[in-house]
Structures are given as C-alpha cells and as structure tokens.
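Let's walk through this model together, beginning with the overall layout, moving on to the sheets and ending with the empty spaces inside. Keep the viewer open as you read.

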Amino acid sequence: MRGLWAGLRGHVIVICALLGCVWTASAGAQPFPSRPITLVVPFSAGGPTDTLARILSERIAAELHTTIVVENVAGASGTIAGARVARATPDGTTITIGHWGTHVLNGAIFKLPYDVLADFEPVATIAMGTQLIVGRKSLEANSLKEMIAWLKANPGKATAGTAGAGTGAHVAGVFFKEKTGTDFQFVPYRGAGPAMIDLVAGQIDIMFDQASNSLPQYKNGAIKAFAVTSPTRLASAPDVPTVDEAGLPGLYISYWHGIWAPKNTPKDIVTKLNAAIVTVLADPAVKARFGELGQEIPPPDQQTPAALGAFQKAETEKWWPIVKAADIKPE
C-alpha cells in the first residue's frame with residue numbers, strides 16, 4: 001500500500017505541476033491592450049502629422065479602453081522615429097503614424113538601420129492628402145505663374161522651408177525646380193510646424209507643404225496659396241487652383257498617411273488596432289475635421305493592413321527610381 005500511495009502521490013504532483021503551468025500561462029495571457037499604447041509621431045508637435053495623430057489618438061484610446069500617449073520623436077526626416085519603432089517590442093504597445101515621406105522616400109534617400117517595407121506591420125491607411133504650394137503673405141506674386149516669374153528674376157535668392165532634408169517638401173521642391181527651371185535654397189527644419197511659423201513670420205519665402213499644415217494659415221490670411229498638387233481642387237479650399245489650372249500640369253503629389261506597428265506584431269493585435277481605427281475613421285466628426293485639413297479618408301477597403309502594405313509597395317516602386325535619378329541626398 002505504501003508503495004502504491006507513493007506512486008499515486010508522484011502522479012498527483014506531476015499533474016498539479018502541469019496544471020500550475022496552465023494556470024500561470026492563463027494568468028499571463030492578458031487581453032490586448034493591457035497597458036497604455038505609445039503612438040510615435042516622427043516630427044515635432046504642431047505639424048500636420050502630429051495634428052492627425054492627436055485627432056485620432058483620444059478616440060482610438062476610447063475604442064480600445066486604454067490610454068494612448070503621443071510621443072514626438074523628431075529629427076532626420078523621421079528616420080529617428082522609424083528606428084525607434086522598428087526596434088520596439090512587437091506587442092502592439094508601440095505604433096507609429098507615418099506618410100509618403102517617412103515610409104517611402106526615406107528608404108531611397110537615407111542609409112537606414114531598418115527597412116521601410118520589411119521592418120513594419122501595416123495597420124491602416126488613415127488619410128489621403130495633397131500639398132499646397134504656398135508663400136509668405138508679402139511675396140511679390142499672386143498666382144503660380146507670377147511666383148515662378150519672381151523666382152526666375154531672383155535666382156538662388158529665394159528660400160523654401162522643408163521638414164528636413166529628403167522629406168516630401170524637399171522632394172516636391174526638387175521636382176518643382178526641374179519642372180520650372182527655377183533655383184532657390186532649401187531651409188530644413190525639424191518639422192513642418194516650425195517651418196510654417198517662419199513662413200508666417202516672413203523669414204522664408206515659399207513652402208511645398210501638406211495641405212493639413214497650410215490650410216489653417218491660408219484661411220486666416222497669414223500666407224498665400226498658389227496651387228494644390230492634385231488633379232482636383234480641395235473641397236476645403238475651392239478657391240485654390242490645381243497645378244493644371246495654375247499652369248504647371250501634372251505636378252501631382254499625394255501626401256497619404258498610415259499607421260504601422262513593429263514587424264512581427266501578432267496578427268490578432270494588428271486586427272484589433274485596425275478595427276478600432278476603422279471605427280474612428282467612420283465617425284462624421286473625424287471626417288469633418290480631416291476635411292478641414294485637406295485630408296480625405298479612404299474607402300473602407302483601402303483601410304485594411306493588406307491594402308496599406310500593397311499601396312506602400314506600389315508607391316516605393318514608383319518613387320524610388322525618380323528620387324534616385326534626381327540624386328536627392330540628405331543635407
């Protein structure tokens with residue numbers, strides 16, 4: 001009997017140990033999100049990307065029943081933030097907002113410690129925007145043709161603000177130069193927000209800027225707007241002509257935004273993040289706010305992780321050869 005009991009006790013110990021493992025695993029597998037989420041913005045506070053992030057963050061946090069902390073990691077055209085997120089633990093608690101510049105152009109311009117395509121999990125496309133060609137209020141031009149004529153009359157003297165070397169504003173300016181035969185100097189800032197402050201103050205002459213950043217200042221009469229870089233006018237600024245109408249046909253630049261997580265973030269977490277974002281983007285108040293900033297929310301079938309991944313890849317295939325042929329390099 002003693003031997004039989006000893007054997008049974010051994011089995012009971014083994015079973016209890018196994019059950020203990022199950023209990024421990026179950027206790028540790030808390031549903032996402034169990035901690036606050038950090039949304040990394042690759043530019044300074046007050047810029048267009050930061051504005052979109054702050055519009056969305058509070059509403060997404062409410063959908064997920066958690067807290068979202070917006071962290072501005074500015075510098076090097078968004079590449080510092082890119083490296084920060086690429087190295088983050090892939091558990092959904094660190095995500096980033098980015099755009100055409102950070103997740104397409106940077107890969108062609110900089111030697112990065114990460115891959116803009118391979119080191120991130122697409123979560124959702126959130127906005128399709130465009131650029132405005134704008135100038136200081138005192139600029140001696142009232143149309144795009146007059147602006148080009150002024151630049152040609154003052155070669156190498158005018159200044160164009162950018163959110164940093166190699167950013168979308170810089171790339172757009174380079175193409176504008178080639179298209180018009182003009183010459184001007186680029187002035188890099190740590191974000192579009194600080195650049196806009198100087199444009200309003202008259203410290204720089206022009207910008208090729210995201211509509212979401214420029215529209216409030218244009219509507220306030222603080223700057224001039226010469227054209228929008230799209231084939232159709234903005235509903236939020238119907239008086240601003242397209243580049244086609246203004247005499248510079250075909251200079252189209254789509255400044256789209258998306259949300260990404262680090263590579264290998266579990267699919268169920270990406271799905272949950274996407275679902276929350278899609279719900280928020282369907283809110284009429286969010287649509288109206290985006291519209292005021294010159295941003296259009298894409299249709300639901302373009303908001304999926306797969307759609308963002310495919311679109312980012314297509315944009316990379318389109319723009320990388322153009323950027324490399326123009327020999328655009330960080331300054």
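The protein chain comes with 12 helices and 10 strands, where helices (H or I, at least four residues) and strands (E, at least two) are DSSP runs numbered from the N terminus. This is a predicted model, with local features requiring pLDDT of at least 70 and side-chain atom pairs counting only at pLDDT 80 or more, while totals for chains, interfaces and linings use all residues. Residues are numbered from 1 along each chain as its sequence is written, and side-chain values use heavy atoms, with hydrogens and water left out.

Along the principal axes, the C-alpha atoms fit a box of roughly 105 × 40 × 30 Å. Of the 331 residues, 52% count as buried, meaning under 20% relative accessible area with a 1.4 Å probe, protein chains only. As for contacts (heavy atoms within 4.5 Å), take those between residues at least 6 apart in sequence: 78% of them join residues at least 24 apart.

Now for the sheets. One is open, with five strands in the order E2-E1-E3-E10-E4 and mixed pairing; two strands pair if DSSP finds at least two bridges between them. Strand E2 (68-72) and strand E4 (120-127) sit at the edges, each pairing on one side only. Neighbouring strands here are turned by 25° against each other on average, direction ignored. Strand E1 (residues 37-41) runs parallel to E2, joined by five bridges; Thr-38, for instance, has Val-69 in E2 as its bridge partner.

Two helices to look at pack on this sheet. H2 touches E1, E2, strand E3 (94-99), E4 and strand E10 (257-262), and its direction makes about 160° with that of E2. Such angles run from 0 to 180 degrees between N-to-C directions, using axes fitted to C-alpha atoms, for helices over the stretch in contact. H4 touches E3, E4 and E10, with its direction at about 75° to that of E3.

Another open sheet of five strands follows the order E7-E6-E8-E5-E9, again with mixed pairing. Strand E7 (185-188) and strand E9 (223-228) each have a single partner strand, so one side of each has no neighbour in the sheet. The twist averages 30° from one strand to the next. Strand E6 (residues 159-162) and E8 run parallel, held by two bridges, and Gly-161 finds its bridge partner, Met-207, in E8. Helix H7 (residues 192-200) packs on this sheet against strand E5 (131-136), E6, E8 and E9, at about 140° to E8. Helix H8 (residues 211-219) lies across E5, E8 and E9, at about 120° to E8.

What about empty space? On a 1 Å grid over the protein atoms alone, a cavity is a set of points where a 1.4 Å probe fits but cannot get out, and lining residues have an atom within 4 Å of a point. The count is two cavities of 30 Å³ or more. The largest has a volume of about 140 Å³, and of its 18 lining residues, Pro-48, Ala-163, Ala-192, Gln-210 and Tyr-255 are the closest to its centre. Helix H2 (48-64), helix H6 (168-180) and strand E8 (206-210) each give two or more residues to that lining, with E8 supplying the largest share, four residues.

The second largest cavity holds about 50 Å³. Its lining includes Pro-42, Thr-96, His-103 and Phe-120, and helix H3 (79-86) and helix H4 (100-109) each supply at least two residues.

Definitions and conventions: 1 Å grid on protein atoms, 1.4 Å probe; cavity = no way out; pocket = protein on both sides within 12 Å on 5 of 7 lines; lining within 4 Å. Points joined across faces, edges and corners; volume = space filled by probe spheres on them. Buried < 20%, exposed > 50% of the residue type's maximum accessible area, 1.4 Å probe, protein only.
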